[in-house]
Amino acid sequence: SFVDSGSGAVWRVNADGAAVADPRGLSGSARATPPAGGTVAVGRDAAALPVRDGDGTPRTLARGWHGRDVVVDAVGRAYATEAAGAGSATGAVHVVHPDGRAVRVDLDIPNPSGICLSPAQTLLYVADGDGRWVWSYSVSADGGLADGQRYYHLHQPDDAGAGADGLAVDRAGRLWVATRMGLQVCDQAGRGNAIIPVPGGRVTDLCLGGPEGNLLHAACGGTVHVRRIKPRAAPPFLAPTTPPKPRL
């Protein structure tokens with residue numbers, strides 16, 4: 001499932017690839033699927049990391065901060081972004097382990113927004129909601145982050161930042177980014193390869209899914225637009241895969 005942050009609507013992608021409204025989902029501004037099933041959510045209005053297990057049991061995995069976006073890896077470890085607030089000049093990523101142990105990693109990004117893992121789950125990507133970059137971080141064996149750098153260069157309007165929000169990757173290692181100008185697609189080398197305009201303007205979230213992983217869902221102004229694509233999704237709750245080497 002995913003969230004259109006512009007309208008607050010929660011959407012769920014069914015087994016047949018159709019996107020339907022999901023009023024029963026956990027409250028929050030973003031959600032992710034753990035490997036055991038269920039839902040993990042974060043939200044600016046709830047200083048917690050609520051979870052609904054695969055059997056429907058609700059619980060809280062972590063507390064004490066307001067999340068923006070979240071991704072869960074193949075071992076059940078959650079990574080959630082938090083924008084800068086009154087007590088901090090920079091944003092952060094919270095690494096929350098399956099046992100509830102949480103580690104805060106401060107970032108050089110005032111407004112971290114979208115977040116996702118590379119197909120091999122060795123890199124974590126974090127979007128700058130106010131600028132034109134998506135940052136890349138190395139993921140260590142214990143889930144820690146290192147070697148952060150501006151990596152993916154986004155296009156932006158003359159009068160505003162790119163407005164990067166939702167992120168997703170495909171099996172070839174391409175990064176898909178929801179932005180003010182539409183869906184931007186970047187290659188493994190960090191270059192923008194394409195901008196896909198979406199009716200309604202700014203895209204606030206996206207999902208690669210469907211039975212074959214080749215349906216692109218883009219949330220925009222309370223509407224979800226669906227398009228069949230050739231690339232296949234690389235969902236983080238499945239076993240990591242190594243994409244082909246980038247061709248420069």
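Select D170 and show what it touches. Leaving aside neighbours within four places in sequence, D170 is in contact with P119, W176, L208, P231, R232, A233 and A234. Keep in mind that this is a predicted model.

Now look at where D170 sits. Its loop runs between strand 16 (167–169) and strand 17 (175–179). Is D170 buried or exposed? Its relative accessibility is 0%, and buried means under 20%, so D170 counts as buried.

Stay on D170 and show its side chain. Two polar partners are worth selecting. Add R174: the side chains of D170 and R174 are joined by a polar contact of 2.9 Å. Then add A172. Here the partner is the backbone: the nitrogen of A172 lies 3.0 Å from a polar atom of the D170 side chain.

Keep A172 and R174 selected, and add D187, Q188 and N193. These five residues lie nearest the centre of the second largest pocket. The lining of that pocket has 14 residues. Colour the lining by class: seven residues are nonpolar, two are polar and five are charged. How much space lies in this pocket? The value is about 250 Å³. Rolling a probe the size of a water molecule over the atoms shows where empty space is left.

Next stop: the aromatic rings. A pair of such rings is described by the distance of the centres and the angle of the planes. How many aromatic pairs does the structure hold? There are three.

Select Y125 and Y152. Their ring centres are 5.2 Å apart and their planes stand at 85°, so this pair is edge-to-face. Y125 belongs to strand 13 (residues 123–128) and Y152 to strand 15 (residues 145–153), so the pair ties together parts that are 27 residues apart in sequence. Both Y125 and Y152 are buried.

Move to W135 and Y137. This aromatic pair is stacked, with 6.3 Å from centre to centre and 15° between the planes. W135 and Y137 are both buried.

Go back to Y125 and Y152, and add Y151. Together, Y125, Y151 and Y152 form one aromatic cluster.

Last, zoom out and switch to a cartoon view. The protein chain has 22 strands and zero helices. Of its 248 residues, 49% count as buried. Now consider contacts between residues at least 6 apart in sequence: 41% of these join residues at least 24 apart.

Notes:
Residues are numbered from 1 along each chain as its sequence is written. This is a predicted model: local features need pLDDT of at least 70, side-chain atom pairs count only at pLDDT 80 or more; totals for chains, interfaces and linings use all residues. Side-chain values use heavy atoms; hydrogens and water are left out. Helices (H or I, at least four residues) and strands (E, at least two) are DSSP runs, numbered from the N terminus. Buried means under 20% relative accessible area, exposed over 50%, partly exposed in between (1.4 Å probe, protein chains only). A polar contact is a pair of N or O atoms within 3.5 Å; within protein, one must be able to donate a hydrogen and the other to accept it, and residues adjacent in sequence count only if both atoms are side-chain atoms. Contact means heavy atoms within 4.5 Å. On a 1 Å grid over the protein atoms alone, a cavity is a set of points where a 1.4 Å probe fits but cannot get out, and a pocket is an open set with protein on both sides within 12 Å along at least five of seven lines; lining residues have an atom within 4 Å of a point. Grid points are joined across faces, edges and corners, and a volume is the space filled by probe spheres set on the points. Ala, Val, Leu, Ile, Met, Phe, Trp, Tyr, Cys and Pro count as nonpolar, Asp, Glu, Lys and Arg as charged, and the others, Gly among them, as polar. Rings of Phe, Tyr and Trp (its six-membered ring) pair if their centres lie within 6.5 Å; planes under 30 degrees apart count as stacked, over 60 as edge-to-face and the rest as tilted.
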